[in-house]
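Trainee: Hey, I just opened this one and don't know where to look. Can you walk me through it?
Mentor: Sure, let's take it piece by piece.

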Amino acid sequence: MEEYILIFRHEDGQKIASPEQMQIWMKQTMDWIGGIAAQNKFNGGNGLPFDDSRVVKPNGVVINGPFGDIKETIGGYIIVKADSIDEAVKFAHGCPVLQGEGNSVEVRKIAKGDGVH
Amino acid sequence: MENQLIPHLFRTEYRKITSVLCKQFGIEHIEIAEDIASDVFLLAVEVWTYKGVPENPTAWLYAVARNKAKNQLIRNTVFSEKVTKELLHQTDRSVSRFEIDLSDKNISDSQLLMLFTLCHPSIPVESQISLSLRVLCGFGIEEIADAFLTNKASINKRLFRAKERLRTENIPIIFPDEKEIDKRLETVLTTLYLLFNEGYYSESRNEILRNDFCLEAIRLTYLLHENDKTNKPPVNALLALMCFHASRFGARKNNQGELILYDDQDETLWNQELIARGTYLLNLAAQGEIISKYHIEASIAYWHTIKADSKEKWENILQLYNQLLILDYSPIAALNRTYALSKVKGKLAAIAGAEKLNLKNNHFYFTLLGALYEDIDHEKAKMNLQRALSLAKSETDKEIIRQKILKSDHVLK
């Protein structure tokens with residue numbers, strides 16, 4: 001069993017959803033994660049709020065938020081246990097983030113601390 | 001003499017005497033405390049049988065306990081060298097004036113302290129439960145063995161090892177300090193939660209005993225609720241959970257003692273007072289930042305106190321199971337979530353979810369699939385139920401599954 005991180009990429013992080021939309025989105029996300037947790041394959045995760053964020057650039061330049069000149073931004077991640085990258089991709093298919101045009105979920109294996117990876 | 005008087009007093013007073021004495025003597029002398037408490041009851045049986053029950057039996061028991069404790073201090077040399085010196089030093093009194101404090105306050109404090117001591121993380125959880133049942137609930141070895149579906153010898157061994165461990169680790173009978181309290185409370189709550197479940201889900205046939213386990217778990221949790229230092233949100237959440245479950249005691253069994261499943265229960269038999277109590281406690285538990293698994297389970301149990309199906313009910317239950325699984329996976333929560341999913345998103349969605357669960361040696365899994373396929377594919381429904389039957393271990397579970405198979409055949413005809 002390997003660990004994979006599913007990173008949610010949003011095309012436009014600044015788009016503000018209505019409270020009703022947020023409620024629906026939250027519920028969908030919980031159902032999706034709950035389905036993974038029901039298989040005992042959920043290993044944690046978190047949202048990354050857009051507000052009060054900074055981007056640090058070379059030469060001491062700090063800009064507000066990851067937006068503007070960056071097209072995509074990361075909205076959150078979860079970590080799952082899976083036998084293969086294919087199984088992890090199957091989990092990713094259910095992610096509600098994918099309902100948004102231009103959004104994507106990046107699936108990456110987490111290196112083990114065993115000195116091999 | 002009324003037949004039930006001694007068993008009743010034993011159940012309520014044995015633990016008080018043991019706790020008070022043990023707190024005073026130290027955990028390494030727990031067996032002496034237990035022996036004195038047992039002797040008190042032995043003497044009660046002998047004396048009361050011939051001379052009649054005294055006017056105030058409890059006061060009689062306490063007076064005898066005090067005397068026996070005093071005699072013990074004088075008689076036993078090892079004991080008097082080790083403990084008496086210490087006690088005398090503390091109290092600066094001679095043995096003859098030495099007092100055992102059996103006031104209500106000291107009794108309740110002693111029980112609370114013993115709860116923390118017996119549920120010390122240095123001993124395994126099942127030993128914590130057995131010890132608590134024996135010392136704090138006054139259950140007999142045979143009763144404990146019956147509940148765990150094992151024999152007296154193995155319970156005795158378990159208790160012996162646990163006491164040995166408490167002795168060698170030299171666990172003091174003191175209240176955990178502020179820094180430690182939440183962590184220690186966690187272990188205590190786990191034990192009480194399992195103690196309750198032992199009664200609620202046990203496969204033991206002894207009905208009265210099982211209810212008693214649940215009531216004892218409630219009583220001990222209530223001790224924590226009553227004390228300012230331990231009246232914390234997870235305690236109240238667990239107590240709420242117990243109240244909600246206990247509210248269905250009267251409706252869970254038919255006249256033959258067979259289990260009645262939730263859907264078939266007569267909700268007019270549910271205890272509204274306990275439901276109200278649970279609701280009050282759950283509101284009380286909603287303080288603070290931490291959501292424990294008891295909060296989530298109590299909230300699920302709350303929704304189950306409303307018998308009628310509604311979209312709101314099942315959507316809430318589904319979300320709560322999602323939360324519970326994220327916090328703490330268990331196969332039974334995964335199966336219950338799947339059932340909630342069928343209520344919210346339909347049976348086909350639930351079947352798709354169930355197939356991913358990987359619980360192929362769990363009979364509840366196949367019982368659930370049987371129920372989900374019920375109106376969709378009769379053959380598959382029956383096949384799953386039969387598979388469940390072959391995996392079920394207890395007679396109660398087998399009987400429930402057999403009934404379901406019969407019912408489904410009946411529907412087809």
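Trainee: In what order do the strands of the open sheet in chain A come?
Mentor: The order is β2-β5-β1-β6, so to speak reading across the 4 strands of chain A, and the pairing is antiparallel. Keep in mind that this is a predicted model.

Trainee: Which strands stand at the edges?
Mentor: β2 (42-47) and β6 (104-109) of chain A do. Each has a single partner strand, so one side of each is left without a neighbour in the sheet.

Trainee: And how much is the twist from one strand to the next?
Mentor: The twist averages 15°.

Trainee: What packs on the sheet?
Mentor: Helix α2 of chain A, residues 85-93, packs there. It touches β1, β5 (73-82) and β6 of chain A, and its direction makes about 130° with that of β5(A).

Trainee: Back to the strands for a second. How many bridges join β1 to β6(A)?
Mentor: There are 6 bridges between β6(A) and strand β1 of chain A, which covers residues 2-10, and the two run antiparallel. For a spot to click on, try I7(A), which stands opposite E106(A) in β6(A).

Trainee: New topic: chain B. How many residues of chain A are in contact with it?
Mentor: On chain A, 11 residues are in contact with 13 residues of chain B. The area buried between the two chains is about 1100 Å², and carbon and sulfur atoms give 59% of that.

Trainee: Which residues in chain A lose the most area to chain B?
Mentor: M30(A), D31(A) and A38(A), which together make up 45% of what that side buries.

Trainee: How many salt bridges are there across the interface?
Mentor: The rule finds 2 salt bridges between chain A and chain B. K27(A) forms one with E315(B), where the closest N and O atoms are 2.9 Å apart. There are also 6 residue pairs in polar contact across the interface.

Trainee: Which element of chain A gives the most to that side?
Mentor: Helix α1 of chain A, residues 19-37, gives the most, with 7 residues. By class, the side of chain A touching chain B has 5 nonpolar, 4 polar and 2 charged residues.

Trainee: Last thing: what do β3(A) and β4(A) form?
Mentor: They form a hairpin with 3 residues between them, and N59(A) in the turn has a positive phi of about 65°. Strand β3 (residues 54-57) and strand β4 (residues 61-64) of chain A run antiparallel, joined by 4 bridges. V55(A) has I63(A) in β4(A) as its bridge partner.

Technical notes: Residues numbered from 1 in each chain as written. Chains lettered and ligands numbered in written order. Predicted model: local features only at pLDDT ≥ 70, side-chain atom pairs only at ≥ 80, totals over all residues. Heavy atoms only, no water. Pairing = 2+ DSSP bridges. Axes fitted to C-alpha atoms, helices over the stretch in contact; angles between N-to-C directions. Contact = heavy atoms within 4.5 Å. Buried area = accessible area lost by both parts, 1.4 Å probe. Salt bridge = Lys/Arg side-chain N within 4 Å of Asp/Glu carboxyl O. Polar contact = N/O pair within 3.5 Å; in protein donor to acceptor, adjacent residues only side chain to side chain. Nonpolar A, V, L, I, M, F, W, Y, C, P; charged D, E, K, R; others polar.
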